[in-house]
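Could you walk me through this structure in my viewer? I'd like to know what to select next and what I'll find there.

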Amino acid sequence: MARGWHQTIEKYEMRLRHQADGKSIELVAEYHGNVAGYINVYANGESGAFANQGFPEIVDFGVLEKYRNNGIGNKLMDIAEQIAPGYSDTIFSPQGAGQQLYL
């Protein structure tokens, strides 16, 4: 994919369904009018060691390579961390960039 994300349309349609069903909150970052990154906060995480225990989960956190090092990922994570306490005082990310931030 030209933007550097190699996902199927079905994956994004699933994320939109989850948002419509109230399972998650989707955040999208813009940088100078262009989509630059995204993050999903699930109210009750569905994967990993903390699955289905009522803890919010960070899912699919990413910033396009050409927009990295502009603070976009930090801003997305800051907002996700402001949303999470509405569900629980514990938040997790079982894999990827979100997990690396918490290490």
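Here is a tour in six stops, each with something to select. Keep in mind as you go that this is a predicted model.

**Stop 1: the sheet**

Start by showing the strands. You'll see an open sheet of 3 strands in the order 1-2-3, with antiparallel pairing. Strand 1 and strand 3 stand at the edges with a single partner strand each, so one side of each has no neighbour in the sheet. Going from one strand to the next, the twist averages 15 degrees.

Now zoom in on strand 2 (residues 34-42) and strand 3, which pair in the antiparallel sense over 5 bridges. Two pairs of residues help you line the strands up. Select Asn40 and you'll find Val59 of strand 3 opposite. Then pick Tyr42, which stands opposite Glu57 in strand 3.

Is strand 3 enclosed or open to the outside? Select residues 57-63 and look around them: 7 of the 7 residues of strand 3 are buried, so the strand is largely enclosed by the rest of the structure.

**Stop 2: helix 1**

Next, select residues 9-20, which make up helix 1. At 1.5 Å a residue, these 12 residues should span 16 Å, and the end C-alpha atoms are indeed 16 Å apart.

Which residues of helix 1 are buried? Colour Lys11, Arg15 and His18, since these are the ones. They cover an arc of only 60 degrees around the axis, which puts them on the same side of helix 1. Give another colour to Ile9, Leu16 and Ala20, which are exposed on the other side of the helix. Turn back to the buried residues and show what covers them: strand 1, strand 2 and strand 3 are included in that cover.

Before leaving, step just past the end of helix 1 to Gly22, where phi is positive at about 80 degrees.

**Stop 3: Lys11, Arg15 and Asp60**

Switch on side chains here. The structure holds 3 salt bridges, and this stop takes in two of them.

Begin with Lys11, which sits in helix 1. At 15% relative accessibility, Lys11 counts as buried, the cut-off being under 20%. Setting aside neighbours within four places in sequence, Lys11 is in contact with Tyr38 and Asp60. With Asp60, the side chain of Lys11 meets in a salt bridge at 3.1 Å, N to O. This pair links distant parts of the chain, with Lys11 in helix 1 and Asp60 in strand 3, 49 residues apart.

Now add Arg15. Arg15 also forms a salt bridge with Asp60, and their closest N and O atoms are 2.7 Å apart. Here too distant parts of the chain are linked: Arg15 in helix 1 and Asp60 in strand 3 are 45 residues apart. Both Arg15 and Asp60 are buried.

**Stop 4: Lys23 and Glu46**

Move on to Lys23, which forms a salt bridge with Glu46, the closest N and O atoms being 3.7 Å apart. Lys23 lies in the loop between helix 1 and strand 1, while Glu46 lies in the loop between strand 2 and strand 3, 23 residues apart. How exposed are the two partners? Lys23 counts as partly exposed at 36% relative accessibility, and Glu46 is partly exposed as well, with a relative accessible area of 41%. Glance back at the previous stop, too: salt bridges that share partners join Lys11, Arg15 and Asp60 into one network.

**Stop 5: two loop residues with positive phi**

A little background first: most residues other than glycine have a negative phi.

Select His32, in the loop between strand 1 (24-31) and strand 2. His32 is not a glycine, yet its phi is positive, at about 50 degrees. With a relative accessible area of 70%, His32 is exposed.

Then jump to Asn52, in the loop between strand 2 and strand 3. Phi of Asn52 is near 55 degrees, again a positive value in a residue other than glycine. Asn52 counts as exposed, at 57% relative accessibility.

**Stop 6: helix 2**

Finish by selecting residues 72-83, which form helix 2. Bring the strands back into view: helix 2 lies across strand 1, strand 2 and strand 3, running at about 160 degrees to strand 3.

Note on methods: Residues numbered from 1 in each chain as written. Heavy atoms only, no water. Buried < 20%, exposed > 50% of the residue type's maximum accessible area, 1.4 Å probe, protein only. Helix = DSSP H or I, 4+ residues; strand = E, 2+ residues; numbered from the N terminus. Pairing = 2+ DSSP bridges. Expected span 1.5 Å × (residues − 1). Arc of directions from axis to C-beta. Contact = heavy atoms within 4.5 Å. Salt bridge = Lys/Arg side-chain N within 4 Å of Asp/Glu carboxyl O. Axes fitted to C-alpha atoms, helices over the stretch in contact; angles between N-to-C directions.
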